[in-house]
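Biologist: I should like a close look at a single part of this model, namely the surroundings of the ligand. Please also explain how that part fits with the rest of the chain.

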Amino acid sequence: MAHEVQGVVARGKGEPVAVETIVVPDPGPGEALVQVQACGVCHTDLHYREGGIGDDYPYLLGHEAAGIVESVGDGVTGVAPGDFVVLNWRAVCGECRACRRGRPWYCFATHNASQKMTLADGTPLSPALGIGAFAEKTLVAAGQATPVDPRARPEAAGLLGCGVMAGFGAAVNTGGVQRDDTVAVFGCGGVGNAAIAAARLVGARTIIAVDVDATKLAWAKDFGATHTVNALEEDPVERIRELTDGNGADVCVEAVGRPEVLEQAFYARDLAGTVVQVGVPTPDMALPNIPMIDFFGRGGALRPSWYGDCLPSRDFPLLIDLYLQGRFDLDRFVSETISLDAVEDAFHKMERGEVLRSVLTF
Ligand SMILES: NC(=O)c1ccc[n+]([C@@H]2O[C@H](COP(=O)([O-])OP(=O)(O)OC[C@H]3O[C@@H](n4cnc5c(N)ncnc54)[C@H](O)[C@@H]3O)[C@@H](O)[C@H]2O)c1
Ligand SMILES: [Zn+2]
Ligand SMILES: [Zn+2]
């Protein structure tokens, strides 16, 4: 039996999103039907509606979600009805060449549901990042649903499903930040602030937040930044060198997605330091014009970070436990909770920099 529920759909490039009736099939083999309890509004949802990711309209938006498994299809063993889960957009396959070499966080063949959710007239929907959780129910591959401790608030837990995990993992998994490190984070939205919180958690000594927005910098301090730099008022490369005995930071995290910021991150790093690129560029952007001798002479590493090199099955339960112990403040990312019809408004608040995350609750 299919389920008719309400969901937020982007019909065409740049068109305001609308609440529509959608049809969600019962789970087939390897799939899970999830009753969504909360879903954060992420910049990527806005990219979909603006045509920045593809042209496969209509999109069913939403992908930072937590909820309860309602039913599962044949052959599903990892989750069961009633489980509280956080959804992820990289359900590893276990069989591709990356998985077989023991590097599943790079999996090249991640799973999504095989059946399509549709509009009421049967038009197939493209779910954002293979999830589509601005809806009362959604259908995913069972591996996209990771069980976590049900005592966590869904509004907070769901945020692990994308930006917070990406930022946290960019610092700790990709950048390898550890005790005594100096870290600079460029861009202090949900992703950058999660990188800052992660750096504090693992004992980084100096954590420098860089943004162009004073409010974001104030929030970065709350997450654990030891210093802030407003890139509109001073040169971040110079300032970061000053704050690190003239050397630069051990790890620089670029969480904006712009070439000039990547260049700043490259030069603000100590010799043999690491640049982590977690901000997502648009297809027209190119790497800054860095002389090859600088690339060689500065040594170290330049590392893109997909989803914070996370393994949902390892990292989601861990971060939820740290949250429940009061060691990782997921609640601080939740700026407001909203209803299904307020997603378009939430996009505008995000563009004006007023929120870290608006979270849709059901
Ligand atoms: N790699 C991944 O898997 C992954 C996952 C989720 C999001 N992302 C990407 O991470 C990036 C950040 O996401 P977000 O949700 O935090 O977005 P956001 O819009 O909330 O935050 C971006 C921040 O960058 C700041 N900024 C803008 N220009 C700047 C500049 N020149 N210098 C310094 N700061 C500047 C903004 O003021 C803002 O605070 C986006 O590109 C997003 O697509 C990547
Ligand atoms: Zn794989
Ligand atoms: Zn996202």
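Modeller: The account below begins at the ligand and then moves outward to the core, the domains, the sheet and some unusual backbone positions. The model is a predicted one.

Ligand 1 is surrounded by 31 residues, and the closest of them are A166, G187, G189, V191 and G257. Four elements give two or more residues to this shell: α1 (43–49), α4 (163–174), α5 (190–201) and β12 (206–211). Of these, α5 gives the most, with 3 residues. By class, the shell around ligand 1 consists of 16 nonpolar, 11 polar and 4 charged residues. Domain 1 (3–161 + 329–361) and domain 2 (167–306) each supply at least three residues to the shell.

The two domains also share a nonpolar core. The largest such core has 119 residues, and V185, A195 and V253 have the most contacts inside it. This core lies between domain 1 (3–161 + 329–361) and domain 2 (167–306), because both give residues to it. V253 offers a detailed view of the packing. Leaving aside residues up to four places away in sequence, V253 touches A170, A171, G175, V185, F186, G192, A195, V276 and V278. V185 and A195, which appear among these neighbours of V253, are thus named twice, as they are also listed with V253 among the residues with the most contacts inside the core.

As for the domains themselves, the assignment of the chain gives domain 1 (3–161 + 329–361) and domain 2 (167–306). Their C-alpha centres lie 29 Å apart. The contact between them takes 7 residues from domain 1 and 11 residues from domain 2. On the side of domain 1 that touches domain 2, there are 2 nonpolar, 2 polar and 3 charged residues.

Next comes an open sheet of 5 strands, which has mixed pairing and the order β7-β2-β1-β4-β8. Its edge strands, β7 (118–119) and β8 (126–127), each pair on one side only. Strands of a sheet pair through backbone hydrogen bonds, either parallel or antiparallel. Strand β1 (residues 3–10) runs antiparallel to β2 and is joined to it by 7 bridges; here V5 has I22 of β2 as its bridge partner. Strand β2 (residues 18–24) in turn pairs with β7 in the antiparallel sense over 2 bridges, and I22 has L119 of β7 as its bridge partner. I22 therefore links the two pairings, being the bridge partner of V5 and of L119. On the other pairing of β1, 2 bridges join this strand to strand β4 (residues 59–60), again antiparallel, with L60 of β4 as the bridge partner of V9.

Finally, some backbone positions deserve attention. Most residues other than glycine have a negative phi, and most peptide bonds are trans. The peptide bond from Y57 to P58, however, is cis, with omega near -5 degrees, and P58 is found in the loop between α1 and β4. A272 is not a glycine, yet has a positive phi of about 65 degrees. This residue belongs to strand β15 (residues 269–277), and A272 counts as exposed because 10 other C-beta atoms lie within 10 Å. Y307, likewise not a glycine, has a positive phi of about 55 degrees and lies in the loop between β16 (301–304) and α10 (312–324). Y307 counts as buried because 24 other C-beta atoms lie within 10 Å.

Methods
Residues numbered from 1 in each chain as written. Chains lettered and ligands numbered in written order. Predicted model: local features only at pLDDT ≥ 70, side-chain atom pairs only at ≥ 80, totals over all residues. Near = placed C-beta within 6 Å. Nonpolar A, V, L, I, M, F, W, Y, C, P; charged D, E, K, R; others polar. Domains from an automatic or database assignment. Core = buried A, V, L, I, M, F, W, Y, C linked by C-beta atoms within 7 Å. Buried ≥ 20, exposed ≤ 12 C-beta atoms within 10 Å, placed from the backbone. Pairing = 2+ DSSP bridges.
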